[in-house]
Amino acid sequence: MKKNFFALLLVAFFLPGLFAQNSHQRAAQDILNERGEVYFSFPIDSKLAKPEMLEQLSRIISIDQVENNTVKAYANNREFSEFLKLGINYEVLTAPSMLIEPEMLGADEALSRENWDYYPTYSAYVSIMNQFATDYPDLCEVVNIKTLASNRQILCIHINDSLGVEQNEPEFLYTSSIHGDETTGYVLMLHLIDYLLENYGIDEQV
(Lines give C-alpha, C1' and ligand atoms only; values in the text may rest on other atoms or scores of the structure.)
Protein backbone atom coordinates (compact mmCIF):
# COMPACT_ATOMS: atom_id res chain seq x y z
CA MET A 1 0.00 0.00 0.00
CA LYS A 2 2.84 2.33 0.92
CA LYS A 3 4.59 1.58 -2.40
CA ASN A 4 1.42 2.32 -4.36
CA PHE A 5 0.89 5.55 -2.44
CA PHE A 6 4.50 6.58 -3.09
CA ALA A 7 4.09 5.81 -6.84
CA LEU A 8 0.89 7.85 -6.99
CA LEU A 9 2.65 10.70 -5.21
CA LEU A 10 5.45 10.68 -7.79
CA VAL A 11 2.94 10.67 -10.65
CA ALA A 12 1.02 13.55 -9.07
CA PHE A 13 4.28 15.47 -8.67
CA PHE A 14 5.64 15.00 -12.20
CA LEU A 15 2.41 14.86 -14.23
CA PRO A 16 1.68 18.64 -14.29
CA GLY A 17 5.21 19.30 -15.53
CA LEU A 18 4.87 16.71 -18.27
CA PHE A 19 1.52 18.10 -19.36
CA ALA A 20 2.96 21.64 -19.41
CA GLN A 21 5.97 20.51 -21.44
CA ASN A 22 3.79 18.64 -23.95
CA SER A 23 1.49 21.65 -24.16
CA HIS A 24 4.43 23.95 -24.97
CA GLN A 25 5.73 21.49 -27.55
CA ARG A 26 2.33 21.20 -29.24
CA ALA A 27 2.00 25.00 -29.32
CA ALA A 28 5.50 25.32 -30.78
CA GLN A 29 4.79 22.69 -33.45
CA ASP A 30 1.52 24.38 -34.42
CA ILE A 31 3.38 27.66 -34.94
CA LEU A 32 6.18 25.94 -36.86
CA ASN A 33 3.62 24.27 -39.14
CA GLU A 34 1.90 27.59 -39.76
CA ARG A 35 4.78 30.05 -39.94
CA GLY A 36 7.93 27.93 -40.30
CA GLU A 37 9.51 29.67 -37.31
CA VAL A 38 8.83 29.76 -33.58
CA TYR A 39 9.70 32.49 -31.06
CA PHE A 40 10.37 31.32 -27.51
CA SER A 41 12.20 32.11 -24.28
CA PHE A 42 14.15 30.14 -21.70
CA PRO A 43 15.97 31.00 -18.46
CA ILE A 44 19.73 31.01 -18.09
CA ASP A 45 20.73 28.65 -15.28
CA SER A 46 24.20 27.74 -14.04
CA LYS A 47 24.54 25.12 -16.78
CA LEU A 48 23.64 27.52 -19.60
CA ALA A 49 25.88 30.27 -18.19
CA LYS A 50 28.96 28.31 -19.22
CA PRO A 51 30.65 29.86 -22.32
CA GLU A 52 30.75 26.55 -24.21
CA MET A 53 27.01 26.05 -23.68
CA LEU A 54 26.17 29.55 -24.89
CA GLU A 55 28.37 29.01 -27.93
CA GLN A 56 26.59 25.73 -28.68
CA LEU A 57 23.19 27.43 -28.38
CA SER A 58 24.18 30.29 -30.69
CA ARG A 59 25.02 27.73 -33.38
CA ILE A 60 21.63 26.06 -33.07
CA ILE A 61 19.13 28.91 -32.72
CA SER A 62 18.91 32.62 -33.58
CA ILE A 63 19.15 34.51 -30.30
CA ASP A 64 17.09 37.69 -30.37
CA GLN A 65 17.91 39.15 -26.95
CA VAL A 66 19.19 38.31 -23.48
CA GLU A 67 17.63 40.23 -20.61
CA ASN A 68 17.36 39.55 -16.86
CA ASN A 69 18.76 36.03 -17.27
CA THR A 70 16.16 35.20 -19.91
CA VAL A 71 16.97 34.38 -23.53
CA LYS A 72 14.49 35.08 -26.34
CA ALA A 73 15.18 33.29 -29.60
CA TYR A 74 13.87 32.17 -32.99
CA ALA A 75 14.15 28.70 -34.49
CA ASN A 76 12.91 26.87 -37.55
CA ASN A 77 11.85 23.20 -37.51
CA ARG A 78 15.35 21.75 -37.73
CA GLU A 79 16.83 24.22 -35.24
CA PHE A 80 14.02 23.69 -32.73
CA SER A 81 14.44 19.91 -32.92
CA GLU A 82 18.13 20.35 -32.04
CA PHE A 83 17.23 22.71 -29.20
CA LEU A 84 14.77 20.18 -27.71
CA LYS A 85 17.58 17.61 -27.46
CA LEU A 86 19.26 19.84 -24.86
CA GLY A 87 16.36 19.33 -22.45
CA ILE A 88 15.97 23.04 -21.64
CA ASN A 89 12.66 24.29 -20.25
CA TYR A 90 11.17 26.94 -22.52
CA GLU A 91 8.06 29.02 -23.09
CA VAL A 92 6.50 29.72 -26.47
CA LEU A 93 6.01 33.44 -27.12
CA THR A 94 4.13 35.51 -29.66
CA ALA A 95 6.63 36.81 -32.21
CA PRO A 96 7.10 40.61 -32.06
CA SER A 97 5.96 40.91 -35.67
CA MET A 98 2.59 39.40 -34.70
CA LEU A 99 1.95 41.95 -31.95
CA ILE A 100 1.51 44.88 -34.32
CA GLU A 101 -1.13 45.23 -36.99
CA PRO A 102 0.41 47.68 -39.47
CA GLU A 103 -1.80 50.10 -41.34
CA MET A 104 -1.84 48.94 -44.93
CA LEU A 105 -2.22 51.05 -48.04
CA GLY A 106 -4.44 49.77 -50.84
CA ALA A 107 -3.57 49.88 -54.54
CA ASP A 108 -5.64 52.95 -55.41
CA GLU A 109 -4.12 55.04 -52.62
CA ALA A 110 -0.61 53.68 -53.21
CA LEU A 111 -0.48 54.76 -56.85
CA SER A 112 -0.64 58.44 -55.89
CA ARG A 113 2.60 57.96 -53.88
CA GLU A 114 1.83 61.18 -52.00
CA ASN A 115 1.68 59.63 -48.56
CA TRP A 116 4.01 56.69 -47.98
CA ASP A 117 3.63 56.36 -44.23
CA TYR A 118 1.97 52.97 -44.73
CA TYR A 119 2.89 49.43 -45.66
CA PRO A 120 1.54 48.60 -49.12
CA THR A 121 -0.61 45.50 -49.47
CA TYR A 122 0.66 42.93 -51.97
CA SER A 123 -1.66 44.24 -54.71
CA ALA A 124 -0.51 47.80 -53.93
CA TYR A 125 3.12 46.66 -54.15
CA VAL A 126 2.53 45.14 -57.60
CA SER A 127 0.70 48.28 -58.75
CA ILE A 128 3.48 50.57 -57.51
CA MET A 129 6.17 48.50 -59.23
CA ASN A 130 4.28 48.48 -62.53
CA GLN A 131 3.58 52.20 -62.21
CA PHE A 132 7.32 52.89 -61.98
CA ALA A 133 7.78 51.22 -65.38
CA THR A 134 4.82 53.15 -66.79
CA ASP A 135 6.05 56.52 -65.51
CA TYR A 136 9.71 55.98 -66.47
CA PRO A 137 9.73 53.57 -69.46
CA ASP A 138 13.17 54.76 -70.64
CA LEU A 139 14.79 54.24 -67.25
CA CYS A 140 13.34 51.10 -65.73
CA GLU A 141 11.56 47.80 -66.22
CA VAL A 142 9.86 45.31 -63.89
CA VAL A 143 11.59 41.93 -63.53
CA ASN A 144 9.91 38.93 -61.91
CA ILE A 145 12.64 37.12 -59.99
CA LYS A 146 10.44 34.32 -58.65
CA THR A 147 6.80 33.27 -58.48
CA LEU A 148 6.05 31.65 -55.12
CA ALA A 149 3.74 28.72 -54.44
CA SER A 150 1.17 31.30 -53.30
CA ASN A 151 1.32 32.77 -56.86
CA ARG A 152 2.80 35.95 -55.44
CA GLN A 153 5.73 37.37 -57.35
CA ILE A 154 9.02 38.67 -56.04
CA LEU A 155 9.58 41.71 -58.24
CA CYS A 156 12.61 43.83 -59.01
CA ILE A 157 12.93 47.19 -60.69
CA HIS A 158 15.83 47.17 -63.14
CA ILE A 159 17.09 50.75 -63.52
CA ASN A 160 19.33 51.60 -66.46
CA ASP A 161 19.56 54.49 -68.93
CA SER A 162 20.14 51.97 -71.75
CA LEU A 163 17.68 49.15 -71.13
CA GLY A 164 18.36 46.01 -73.12
CA VAL A 165 21.93 47.06 -73.97
CA GLU A 166 24.91 45.30 -72.37
CA GLN A 167 27.24 47.93 -70.89
CA ASN A 168 30.70 47.76 -69.40
CA GLU A 169 29.49 49.16 -66.07
CA PRO A 170 29.25 47.81 -62.52
CA GLU A 171 25.91 46.18 -61.67
CA PHE A 172 24.50 45.84 -58.18
CA LEU A 173 21.36 44.57 -56.47
CA TYR A 174 19.62 46.17 -53.49
CA THR A 175 17.42 43.79 -51.49
CA SER A 176 15.39 44.10 -48.29
CA SER A 177 13.03 42.28 -45.93
CA ILE A 178 14.96 39.03 -45.83
CA HIS A 179 13.46 38.33 -42.39
CA GLY A 180 9.70 38.31 -42.07
CA ASP A 181 9.57 40.62 -39.06
CA GLU A 182 12.01 43.21 -40.43
CA THR A 183 9.65 44.99 -42.80
CA THR A 184 10.91 48.58 -42.71
CA GLY A 185 13.29 47.95 -45.61
CA TYR A 186 10.32 46.99 -47.81
CA VAL A 187 8.92 50.54 -47.76
CA LEU A 188 12.33 52.23 -47.80
CA MET A 189 13.29 50.29 -50.94
CA LEU A 190 10.19 51.60 -52.72
CA HIS A 191 11.16 55.10 -51.58
CA LEU A 192 14.68 54.59 -52.96
CA ILE A 193 13.38 53.44 -56.37
CA ASP A 194 11.08 56.45 -56.50
CA TYR A 195 13.88 58.82 -55.48
CA LEU A 196 16.36 57.50 -58.07
CA LEU A 197 13.85 57.61 -60.93
CA GLU A 198 12.42 61.00 -60.03
CA ASN A 199 15.83 62.64 -59.69
CA TYR A 200 17.63 61.03 -62.63
CA GLY A 201 18.91 63.81 -64.88
CA ILE A 202 18.18 66.39 -62.17
CA ASP A 203 20.50 65.48 -59.30
CA GLU A 204 24.10 64.98 -60.45
CA GLN A 205 24.82 62.41 -57.73
CA VAL A 206 21.79 60.32 -58.76
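Accessible area here is the Shrake-Rupley area obtained with a 1.4 Å probe. By that yardstick, the chain in this predicted model exposes about 14,800 Å², and carbon and sulfur atoms supply 53% of that area.

**Figure 1. The whole chain, with its 6 helices and 8 strands.** Welcome to the overview. Read along the sequence, helices and strands follow the pattern α-β-α-β-β-α-β-β-α-β-α-β-β-α. The chain has 206 residues, and buried residues make up 24% of them. Among contacts with a separation of 6 or more, 51% link residues that are 24 or more positions apart.

**Figure 2. Helix α6, residues 184–199, and what covers it.** Start with the length of the helix: at 1.5 Å a residue, the 16 residues of α6 should span 22 Å, and the end C-alpha atoms are 23 Å apart, which agrees. The buried residues to pick out in α6 are Val-187, Met-189, Leu-190, Ile-193, Asp-194, Leu-197 and Asn-199. Their cover includes β6 (119–120), α5 (122–135), β7 (140–147) and β8 (153–159). An α-helix has 3.6 residues a turn, so residues three or four places apart point the same way. After α6 comes Gly-201, with a positive phi near 85°.

**Figure 3. Helix α5, one of the elements that cover α6.** The same check on length works here: 14 residues at 1.5 Å each should give α5 a span of 20 Å, and its end C-alpha atoms are 20 Å apart, in agreement. Seen from inside the chain, the buried residues of α5 are Ala-124, Tyr-125, Val-126, Ile-128, Met-129, Phe-132 and Ala-133.

**Figure 4. Ser-177, in the loop between β8 and α6.** Is Ser-177 buried or partly exposed? Its relative accessible area is 32%, so Ser-177 counts as partly exposed; buried would require a value under 20%. Two side-chain details are worth a zoom. The side chain of Ser-177 reaches the backbone nitrogen of Tyr-186 at 3.2 Å, and a polar contact of 3.4 Å joins it to the side chain of Ser-176. Leaving aside neighbours within four places in sequence, Ser-177 is in contact with Glu-182, Thr-183, Gly-185 and Tyr-186. For a distance to Val-187, which is one of the buried residues of α6, take the C-alpha atoms: those of Ser-177 and Val-187 are separated by 9.4 Å, with the two positions 10 residues apart along the chain.

**Figure 5. A nonpolar surface patch and the loop between β7 and β8.** Which residues form the nonpolar patch on the surface? They are Val-143, Ile-145, Leu-148 and Ile-154, and together they have about 310 Å² of accessible area. Leu-148 sits in the loop between β7 and β8, and at 37% relative accessibility it counts as partly exposed. Asn-151 also has its place in the loop between β7 and β8. With a relative accessible area of 63%, Asn-151 is exposed. Its backbone deserves a look too: phi of Asn-151 is positive, about 70°, although the residue is not a glycine. Most residues other than glycine have a negative phi.

**Figure 6. Asn-69, in the loop between β2 (62–67) and β3 (70–75).** Here is another residue other than glycine with a positive phi: the value for Asn-69 is near 60°. What is the relative accessibility of Asn-69? The value is 54%, so Asn-69 counts as exposed, the threshold for that class being over 50%.

**Figure 7. The 2 salt bridges of the structure.** One of them joins Glu-55 and Arg-59, whose closest N and O atoms are 2.7 Å apart. Why are these partners separated by about one helical turn? Glu-55 and Arg-59 lie 4 residues apart in helix α2 (residues 51–60), which accounts for that separation. Glu-55 is partly exposed at 42% relative accessibility, while Arg-59 is exposed at 66%. In the salt bridge between Lys-85 and Glu-82, the closest N and O atoms are 3.0 Å apart. Lys-85 counts as exposed, with 64% relative accessibility, and Glu-82 counts as partly exposed, with 32%.

Definitions and conventions:
Residues are numbered from 1 along each chain as its sequence is written. This is a predicted model: local features need pLDDT of at least 70, side-chain atom pairs count only at pLDDT 80 or more; totals for chains, interfaces and linings use all residues. Side-chain values use heavy atoms; hydrogens and water are left out. Helices (H or I, at least four residues) and strands (E, at least two) are DSSP runs, numbered from the N terminus. The expected span of a helix is 1.5 Å times one less than its number of residues. Buried means under 20% relative accessible area, exposed over 50%, partly exposed in between (1.4 Å probe, protein chains only). Contact means heavy atoms within 4.5 Å. A polar contact is a pair of N or O atoms within 3.5 Å; within protein, one must be able to donate a hydrogen and the other to accept it, and residues adjacent in sequence count only if both atoms are side-chain atoms. Patches are made of residues with over 30% relative accessible area and no salt bridge: like charges are joined within 9 Å, nonpolar side chains (Val, Leu, Ile, Met, Phe, Trp, Tyr) within 5 Å. A salt bridge is a side-chain nitrogen of Lys or Arg within 4 Å of a carboxyl oxygen of Asp or Glu.
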